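Here's a friendly walk through this structure, meant for someone meeting it for the first time. Have a look at the sequence and the model, then read on.

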Amino acid sequence: MQALTNRAKSVDRKPMTFLESIYLWNIFKGMLITFRHIFKKQPTIHYPEQKRPFSPVFRGLHVLNRDEEGRERCTACGLCAVACPAEAITMEAAERVPGEENLYREEKYAARYEINMLRCIFCGLCEEACPKDAIYLSETFAPANFTRTGFIYGKTDLLIPNPKTEAADLAKAKGEL
Ligand code: SF4
Ligand code: SF4
């Protein structure tokens, strides 16, 4: 029969020798390979106790930024949603009312801001498009989840802790604690 490739190997059907029939030699060969690996540098790490450093260009989970006074930077201009090739970003804009100046930096803000992490390809175009430095991709990755809805991140999931009122949480989020 004509072979499709020249990679075929014929199977050895010779009767086993005595040494082969007691399998000890093959077990010994296997143990030798295992033993040799004991002295080699481990390619694996003990995650999550140990973590590999990320590449400087790693793009992870999104963060909605605040200014130094703790006000939300996002003005719901929609540029990130337009730039997103995966159509993963949804938002609803709202007008700031008097008395909310300490919450939102501009007159308009995102009342609803969602990113569907199942659609996101972590390209970083939303970060590049943002004129307000309001969104950036951090060095954290989206944790695993059991439901699809768990991957739709709302504003409360994305907003960075307030530097004025949640200083400890902010330091933890930045990995300083
Ligand atoms: S990283 Fe890319 S795919 Fe993900 S939300 Fe931003 S623009 Fe869309
Ligand atoms: S994150 Fe930036 S680009 Fe997106 S809506 Fe807010 S201000 Fe506009």
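## The order of things

Going along the sequence, the protein runs α-α-β-α-β-β-α-β-β-α-α. That adds up to six helices and five strands. Both kinds of element are DSSP runs numbered from the N terminus, with helices being H or I of at least four residues and strands being E of at least two.

A quick word on the ground rules: this is a predicted model, where local features need pLDDT of at least 70 and side-chain atom pairs count only at pLDDT 80 or more, while totals for chains, interfaces and linings use all residues. Residues are numbered from 1 along each chain as its sequence is written, and chains are lettered from A and ligands numbered from 1 in the order in which they are written.

## Overall shape

How does the protein's radius of gyration compare with that of a compact globule? The protein has 28 Å, whereas a compact globule of 177 residues would come out near 16 Å. (The radius is taken over C-alpha atoms, and the globule rule is 2.2 Å times the number of residues to the power 0.38.) Along the principal axes, the C-alpha atoms fill a box of roughly 90 × 45 × 30 Å.

Buried residues make up 13% of the 177. Here, buried means that 20 or more other C-beta atoms lie within 10 Å of the residue's own, exposed means 12 or fewer, and partly exposed is in between, with C-beta atoms placed from the backbone. Of the contacts with a separation of 6 or more, 71% are between residues 24 or more positions apart; a contact means C-beta atoms, placed from the backbone, within 7 Å.

## Helix 2 and the loop after it

Helix 2 covers residues 24-38, and its end C-alpha atoms sit 21 Å apart, in agreement with the 21 Å expected for 15 residues at 1.5 Å a residue. (The expected span is 1.5 Å times one less than the number of residues.) The number of buried residues in helix 2 is zero, so this helix lies largely in the open.

Past helix 2, in the loop that leads to strand 1 (62-64), you'll find Pro48. A cis peptide bond joins Tyr47 and Pro48, with omega about 5 degrees.

## The sheet

Three strands make an open, antiparallel sheet in the order 2-3-5. Strand 2 (89-95) and strand 5 (152-153) are at the edges with a single partner strand each, so one side of each has no neighbour in the sheet. Strands count as paired if DSSP finds at least two bridges between them. Strand 3 and strand 5 are joined by two bridges, and Asn116 stands opposite Ile152 in strand 5.

## Around the ligands

Which residues come nearest to ligand 1? Out of 14 around it, they are Cys84, Cys120, Cys123, Leu125 and Cys126. Ligand 2 also has 14 residues around it, with Cys74, Cys77, Leu79, Cys80 and Cys130 the closest. To be in a shell, a residue needs its C-beta atom, placed from the backbone, within 6 Å of the molecule.

The ligand 1 shell has 13 nonpolar residues, one polar and no charged, while the ligand 2 shell has 11 nonpolar, two polar and one charged. (Ala, Val, Leu, Ile, Met, Phe, Trp, Tyr, Cys and Pro count as nonpolar, Asp, Glu, Lys and Arg as charged, and the others, Gly among them, as polar.)

Technical notes:
Contact = placed C-beta atoms within 7 Å.
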